[in-house]
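Shall we learn to read a protein model together? Take a look at the one below, and then we will talk it through.

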Amino acid sequence: MPRPSPDPEFKADALRKLIGEQPTPTQHLFAKVINLYAGFNLVEQSEKELHARVRREIEDSVK
Amino acid sequence: MIFQTLEIKDFLVFRGLNRMRLPAVKDGQTSLILVFAANNAGKTTVIKALKFLLYGHLPHGDVLNLATVADISAGKEVEGWVGATVIVGEKTYTFRRRLSGVKGPGGHIRLEEPVLEQIAHERKGDEYIPDEGSVNRLLTSLVPEALFDFFYFQGETLAEKLMQRSAHASIGDALSALLHHDKWRQAGEAVAAVRAKVFKEMQELTVVNRAYSEKLQLIADLQEKVDASEKQTKGLEEEYKRAAAEYEELSQRILEISSGKSFEQVARKLATAQGEAENQRRAVTQMEADMAAAVGASRGIPFLTGAFGVAKDVLETMRKDNLLPADIADGFLQRLLDQHRCLCGRTLTEEHDDRARGMVEEYRSRALSADVNTGLMELLNQLDENVQRSFHKTSDEIVSRSAMLLRNRKTALVKQKEAESLAASLGEQLRNSNHAEVQRLQGLQNTAVRRREKAMQDRRTADGFLAQQKNMLRTAQEELARQGSGKFGPQFEKLKRVHHRADELAKLIDASLVSLKRSFHTILQHNVSLLYDAVVTDGSKARVDANSLLPAIEQAGTVVQNIGGGQRQLLVLAHIVSLARLRQQLHNELAGLGIHMGRLDDQSFFLDSVFAPADQHYAECIAQFLPGKARQIVVLLASQQWQPWVARHVEPETTKVFKCVLTSPNPPESSRIEYQKRPVVLYEKCAPSQIAYSKMEEVKP
């Protein structure tokens, strides 16, 4: 029985296009906000605190 | 998370301390560990022990080992635990979850709450530190509970879960967690909440300006309606898919129960024709939605453009003929009077005549004047030529796109009717087969079709409504922008910028999730096909659903349910292994984009009874498939599954072997296997009064 050939690797090209090689302020903010939620399980923060942090990030981005 | 050791003490069937020291594996290497056991000797207990260790879930019944409990006297304490040393990246963690209780006079154990402890290895001995939450958080982040069944599972159970439509909801949640869609959604929801809050603050600031504030309120209401309509549209889409899936499933069942070949052929043709009709219906719906969107977006430009030409022509003619609107009105009214008719179309009588003439005179005195004629002409001439050109261009595009959509819709409608007619004729043939069950199922199918059609019709209406609401929202937003907000000061300007940024961000998060799901589906389908399609012998293909990402088996273009357990097992293994790899690759890719999705490491798999449902061919396929597929795979094997065709592929690739030796008064069905040409005994006899238990030992080479 032949072994299947190796899997091709997943590339998030579509996401890369959306975020852009030279990110706009919104695209830059995108990674920051997703990161806040990515680490949600590891840090003790209430949902309210997280919302406040999201707002601060957005406000900082328009200064 | 890779296991270095797993310890099980006095937990379920395992008596005393049982320790598995698993082989160390470097980056890029893989290990395959076998655990042999007779039936009821501890395979499933290992999975239950892992679940207890990670989440504290107690299995039903007596959790502490009964043989150990029987040996202690009443009033004494007894404890059991499951512990592990795991490697996460460069770090090593040791912890255990302990369960203790006191034996009551009747032999019953009064259990305390399980305690999770971190273990620190000190010179004077191990120190057990009760967890204050950090270990628990680490464990749930490494293996979220929704994912447990993907990594540590009984083969048949997972295959059932993944391939039965009824399990979609829970598996959908698990897949969502696996690919981090849940985090993505949470982030999107948070941004939407911030946007709404900022908007509210803007409203509060503008309360002094009633008009502006009312406009803001209108926008908020419209936004809410648009959100609700979008939600409703999605709900209808789901309902449509559910009804379509039910319909599809019923088609499969009709196929399965049809005994005669010709009957089956007709049913297949029927399914194809119904599928074609369905495709065309969807195409028609899509084109109608596109047309509604195009018309909604046009804001009446084509009509306005048409009116330019007509108005100019009329006025030009009037100017050439030296006619004024009042002249035309006069002539028209005179003609009416000559015909003895009133302005409303009623026939005039002697009695009405005088009153009607009076009305005509009055109308004439108020009719359009020469000033109006000249004014209109000037207005049209003053219109900026560029504006007119732009109107014409936009109008041409909209008209041309609508015409194209209309043509395509007509073609799709013809095809849909043809397919429906064929389906009706084939359905008639099936009905004449006098197959009572088929008729019953067809009745259910009809209900599903009605539900589907209703959902489709409702969706059309909802789409039109949504387009209209979006249009109103856009217009209101444009008006608000024109109205300006300078008078509310810098604070309002800042809020406006924050609101705008939050809006852009929410849209970007939504779009990125959609694009990720799409690219994920493509690669998952590719990888699962590579692993599955290459080894099956019946020409079936692996198919991954684009929406749910669940695997299915397709034969001759149709999803089949009643397929051999071995094939299902192979498909499910291909699916989870691909998912685990993709998850890791997704992390690498996201890290490259500056997005760090918590911790992730190589995945360890504990697979129970993966050969059980397979015939010789597929058992051999699975045996070939397993080695090298993950950094750590532990296979829990019943002795009867250790067949020569499995052994010849797995033995050379195995890095370590354990056995669960069952001590019992009654011997199990199969209690001895051969590993590397040496006998491995899995059973020891004990006195008839003794309670059965298991011990885990390493099988030395």
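**Reading the model, step by step**

A: Let's begin with one charged residue: Arg451(B) has a relative accessibility of 28%, so Arg451(B) counts as partly exposed. Keep in mind that this is a predicted model.

Q: Which residue does the side chain of Arg451(B) meet in a salt bridge?

A: The partner is Glu246(B), with 2.8 Å from N to O. Glu246(B) sits in helix H8 (residues 210–257) of chain B and Arg451(B) in helix H15 (residues 436–483), so the pair links distant parts of the chain, 205 residues apart. Glu246(B) is partly exposed too, at a relative accessible area of 35%.

Q: How many salt bridges are there over all chains?

A: The count comes to 35. Some of them join up: Glu278(B), Arg281(B), Arg282(B), Lys417(B), Glu420(B), Arg452(B) and Glu453(B) are linked in a network of salt bridges.

Q: How should I read a pair within that network, such as Glu278(B) and Arg281(B)?

A: Check the distance and then the places in the chain. The closest N and O atoms of Glu278(B) and Arg281(B) are 3.5 Å apart. They are separated by about one helical turn, because they lie 3 residues apart in helix H9 (residues 261–298) of chain B. Both residues are buried, with Arg281(B) at 8% relative accessibility.

Q: What other salt bridge does Arg281(B) make?

A: Its side chain also meets Glu420(B), at 2.4 Å from N to O. This pair links distant parts of the chain, since Glu420(B) belongs to helix H14 (residues 385–431) of chain B, 139 residues from Arg281(B) in helix H9. Glu420(B) is partly exposed, at 25% relative accessibility.

Q: Is Phe95(B) buried or exposed?

A: Compare its relative accessible area with the cut-off: buried means under 20%. Phe95(B) has 2%, so Phe95(B) is buried. Phe95(B) is found in strand S5 (residues 91–103) of chain B, and the residues it touches include Leu53(B), Val86(B), Ile119(B) and Leu139(B). Another of its contacts is Gln118(B); the two C-alpha atoms are 4.2 Å apart, although 23 residues separate them along the chain.

Q: Which residues touch the most other members of the largest nonpolar core?

A: That core has 109 residues, and the four are Phe30(A), Trp184(B), Phe611(B) and Trp642(B). Helix H16 (residues 489–533) of chain B gives the most to this core, 16 residues. Apart from it lies another core, of 49 residues, with Met1(B) and Phe95(B) among them. Back in the largest core, Trp184(B) touches residues of both chains, including Leu15(A), Ile34(A), Leu513(B) and Met597(B).

Q: How do I read the size of an interface?

A: The size is often given as the accessible area lost when the parts come together. Here chain B and chain A bury about 4600 Å² between them, 66% of it on carbon and sulfur atoms. Arg501(B), Glu589(B) and Leu593(B) supply 15% of the area that chain B buries against chain A, more than any other three residues.

Q: How many residues does each chain bring to the contact, and how many salt bridges are between the chains?

A: Chain B brings 53 residues and chain A 39, and the count between them is 2 salt bridges. In one salt bridge, Glu589(B) pairs with Arg16(A), with the closest N and O atoms 3.6 Å apart. On the side of chain B that touches chain A, the largest share comes from H16(B), with 21 residues. By class, that side has 28 nonpolar, 13 polar and 12 charged residues.

Conventions: Residues numbered from 1 in each chain as written. Chains lettered and ligands numbered in written order. Predicted model: local features only at pLDDT ≥ 70, side-chain atom pairs only at ≥ 80, totals over all residues. Heavy atoms only, no water. Core = buried A, V, L, I, M, F, W, Y, C linked by side-chain atoms within 4.5 Å. Buried < 20%, exposed > 50% of the residue type's maximum accessible area, 1.4 Å probe, protein only. Helix = DSSP H or I, 4+ residues; strand = E, 2+ residues; numbered from the N terminus. Contact = heavy atoms within 4.5 Å. Buried area = accessible area lost by both parts, 1.4 Å probe. Salt bridge = Lys/Arg side-chain N within 4 Å of Asp/Glu carboxyl O. Nonpolar A, V, L, I, M, F, W, Y, C, P; charged D, E, K, R; others polar. Lists of a residue's contacts leave out its neighbours within four places in sequence.
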